[in-house]
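This briefing goes through one protein chain by topic. It starts at the surface and then turns to the fold, the core and the charged pairs.

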Amino acid sequence: MRAPTSSAPPTRAIEIRAQVVPIISTLLGSATSLVPTVALSPTWPPLGLLMLLAWRLLRPEIWAAWVGLPLGLADDLLTGQTLGTGMVTWTACLLLADLVEGRLLWRDYWQEWLLAAIAIAFAMLAGWAIACWTGGATPVRLILPQLAISILCFPIIGRLCARLDRWRLAIGKIRAQD
């Protein structure tokens with residue numbers, strides 16, 4: 001007599017996949033800066049940062065604030081920013097999210113968008129200030145369109161993360177008919 005088999009992946013594989021999907025999606029967001037585009041001014045939003053914030057606001061329990069250091073380093077290396085810019089700004093954004101989470105009992109859509117807008121504006125303006133400090137002086141008005149596009153794109157990235165989250169958590173629910 002044969003024991004019933006299941007087509008579901010092993011439990012360890014499910015756990016690994018559930019942990020890896022947010023990290024890989026954030027790194028892929030940062031890697032979009034490698035796509036060859038021609039622009040007179042920066043307009044492409046920092047998708048790595050948007051993915052980081054979307055994951056943090058969607059699932060606060062999956063990441064601690066220190067995860068901003070390695071992911072920010074990867075973003076710095078992929079985007080060509082001054083080394084340490086992403087590390088500092090991403091960690092500060094995660095600390096801001098932790099601070100707000102500790103103060104608010106409930107958050108709604110508009111509060112999360114406002115929090116993300118503040119974090120995006122801080123990260124981009126801090127990145128601009130660090131770039132100016134290290135010799136890349138440009139007027140701040142050149143990054144304002146990118147800032148506006150980034151804030152307006154956040155809900156789309158949040159939806160993408162929600163879909164990825166449903167997919168990564170549904171992996172363990174797939175069972176074969178016994």
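On the surface, Ile16, Val20, Ile24 and Leu28 make up a nonpolar patch, and their accessible area together is about 330 Å². The model is a predicted one. Val20, one of the patch residues, sits in helix H1, which covers residues 11–31. Val20 counts as partly exposed because its relative accessible area is 36%, and the buried class ends at 20%.

**Overall fold**

- The protein chain has six helices and zero strands, giving the pattern α-α-α-α-α-α along the sequence.
- Of the 178 residues in the protein chain, 35% are buried.
- The exposed area of the protein chain is about 11,000 Å², and 68% of it comes from carbon and sulfur atoms.
- When contacts between residues at least 6 apart in sequence are considered, 73% of them link residues at least 24 apart.

**Nonpolar core**

- The largest nonpolar core contains 30 residues, and Leu49, Leu52, Leu53, Ile120, Phe154 and Ile157 have the most contacts inside it.
- At least two residues of this core come from each of helix H2 (47–58), helix H4 (85–103), helix H5 (109–133) and H6.
- With nine residues, H2 gives the most to this core.
- Beyond its neighbours within four places in sequence, Ile120 contacts Leu49, Leu50, Leu53, Leu147, Ser150, Ile151 and Phe154.

**Thr89**

- Thr89 belongs to helix H4.
- Thr89 counts as buried because its relative accessibility is 3%.
- Apart from neighbours within four places in sequence, the contacts of Thr89 are Phe122, Ala123, Ala126 and Gly127.

**Arg168 and its surroundings**

- Arg168 is part of helix H6, which spans residues 144–169.
- Arg168 is classed as buried because its relative accessibility is 5%.
- Setting aside residues up to four places away in sequence, Arg168 touches Ala18, Gln19, Val21, Pro22, Trp55, Arg59 and Ile62.
- A polar atom of the Arg168 side chain lies 2.6 Å from the backbone oxygen of Ala18.
- Between Arg168 and Gln19 there is a separation of 149 residues in sequence, while their C-alpha atoms are 8.8 Å apart in space.

**Salt bridges**

- Side chains of opposite charge can pair when their charged atoms come close.
- The structure contains six salt bridges.
- Asp165 and Arg168 form a salt bridge in which the closest N and O atoms are 2.8 Å apart.
- Both of these residues, Asp165 and Arg168, lie in helix H6, three residues apart, which is about one turn of the helix.
- Asp165 and Arg168 are both buried.
- Arg59, Glu61, Asp165 and Arg168 are joined into one network by salt bridges that share partners.
- Within that network, the side chains of Arg59 and Glu61 meet in a salt bridge at 3.7 Å, N to O.
- Glu61 is exposed because its relative accessibility is 56%, whereas Arg59 is partly exposed at a relative accessible area of 26%.
- Another salt bridge links Arg107 and Glu112, with the closest N and O atoms 3.2 Å apart.
- Arg107 is partly exposed at 24% relative accessibility, and Glu112 is also partly exposed, with a relative accessible area of 23%.

Note on methods: Residues numbered from 1 in each chain as written. Predicted model: local features only at pLDDT ≥ 70, side-chain atom pairs only at ≥ 80, totals over all residues. Heavy atoms only, no water. Helix = DSSP H or I, 4+ residues; strand = E, 2+ residues; numbered from the N terminus. Buried < 20%, exposed > 50% of the residue type's maximum accessible area, 1.4 Å probe, protein only. Contact = heavy atoms within 4.5 Å. Polar contact = N/O pair within 3.5 Å; in protein donor to acceptor, adjacent residues only side chain to side chain. Areas by Shrake-Rupley, 256 points an atom, 1.4 Å probe, with all protein chains shown as cover. Core = buried A, V, L, I, M, F, W, Y, C linked by side-chain atoms within 4.5 Å. Patch = residues over 30% accessible without salt bridge, like charges linked within 9 Å, V, L, I, M, F, W, Y side chains within 5 Å. Salt bridge = Lys/Arg side-chain N within 4 Å of Asp/Glu carboxyl O.
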